[in-house]
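Got your viewer open? Let's walk through this one stop at a time, selecting as we go.

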Amino acid sequence: MRREPKWISKLVALAVHERLLAAHGGAPGLLDEGLLDAALANSQNRFAYEHPDVFRLAAAYAYAITQNHPFTDGNKRVALTLAGVFLELNGFRLEASEQDAVQAMLALSSRGMDESEYAEWLRRSSSAIGGSRVGAIRVTRRSARKKK
């Protein structure tokens with residue numbers, strides 16, 4: 001039997017949305033609680049009926065949030081953050097540049113990148129966390145200036 005991942009609860013998703021809006025602005029509110037529930041259940045359903053790895057499950061969270069649009073504002077920000085939080089909970093750290101993360105999320109939400117391609121991007125952009133330590137998600141800003 002495979003080990004069940006640590007899942008993201010609705011309470012966590014709502015808290016992430018609230019914190020992201022507080023930090024970056026946007027209209028508050030949940031448009032449809034059922035769409036949020038469905039988006040959060042998507043990864044658990046995949047786990048129950050398929051054999052996805054942690055990156056496919058993280059991508060399923062992100063894809064479902066971007067396509068369901070359960071929030072008034074901030075759906076892409078929440079989708080990226082929940083994918084990163086899910087990876088953190090399950091032993092990986094997302095280490096993409098801010099520019100790469102934004103481009104990947106825009107591509108996923110506009111269907112320029114499908115869910116499996118996003119999972120591969122997450123795999124390439126993440127590293128395993130050593131031991132049982134869980135650190136912070138690190139999306140970095142890379143300077144456009146060249147080092148001398």
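## First stop: histidine 17

Select histidine 17: apart from neighbours within four places in sequence, histidine 17 is in contact (heavy atoms within 4.5 Å) with Gly29, Phe71, Asp73 and Val78. Histidine 17 sits in helix α1, residues 10–24; helices are DSSP runs of H or I with at least four residues, strands are E runs of at least two, and both are numbered from the N terminus. Its relative accessibility is 6%, so histidine 17 counts as buried. The cut-offs are under 20% relative accessible area for buried, over 50% for exposed and partly exposed in between, with a 1.4 Å probe and protein chains only.

A word on the ground rules: this is a predicted model, where local features need pLDDT of at least 70 and side-chain atom pairs count only at pLDDT 80 or more, while totals for chains, interfaces and linings use all residues. Residues are numbered from 1 along each chain as its sequence is written, and side-chain values use heavy atoms, with hydrogens and water left out.

## Zoom out

Now show the whole chain as a cartoon. You should find 6 helices and 2 strands, in the order α-α-α-α-β-α-α-β along the sequence. Of the 148 residues, 41% count as buried. Among contacts with a separation of 6 or more, 79% come from residues 24 or more positions apart.

## Two helix pairs

Next, colour α2 (residues 33–49) and α3 (residues 54–68). Their axes are 9 Å apart and the packing angle is about 155 degrees; axes are lines fitted to C-alpha atoms, for helices over the stretch in contact, and angles run from 0 to 180 degrees between N-to-C directions. The pair is therefore roughly antiparallel. That term covers angles over 145 degrees, with under 35 roughly parallel, 65 to 115 roughly perpendicular and the rest oblique.

Show side chains where they meet: on α2 the list includes Leu36, Leu40 and Phe47, and on α3 it includes Leu57, Tyr61 and Ile65. The residues of this contact divide into 11 nonpolar, 3 polar and 1 charged. Here Ala, Val, Leu, Ile, Met, Phe, Trp, Tyr, Cys and Pro count as nonpolar, Asp, Glu, Lys and Arg as charged, and the others, Gly among them, as polar.

Keep α3 and add α4 (residues 75–89): these axes come within 8 Å and cross at roughly 160 degrees. That makes α3 roughly antiparallel to α4. Which residues of α3 meet α4? Among them are Val54, Phe55, Tyr61 and Ile65, facing partners including Val78, Leu82 and Phe86. By class, the contact of α3 with α4 has 13 nonpolar, 2 polar and 1 charged residues.

## Two loop residues

Pick histidine 69, in the loop between α3 and α4. Its phi is positive, about 50 degrees, although histidine 69 is not a glycine. With a relative accessible area of 42%, histidine 69 is partly exposed.

Then jump to arginine 111, in the loop between α5 (98–109) and α6. Arginine 111 isn't a glycine either, yet has a positive phi of about 70 degrees. Buried or exposed? At 58% relative accessibility, arginine 111 counts as exposed.

## Last stop: arginine 123

Finish on arginine 123, in helix α6, residues 115–124. At 30% relative accessibility, arginine 123 counts as partly exposed. Leaving out neighbours within four places in sequence, arginine 123 is in contact with Asp53 and Phe55. Put a distance label on the C-alpha atoms of arginine 123 and aspartate 53: they are 70 residues apart along the chain and separated by 10.0 Å.
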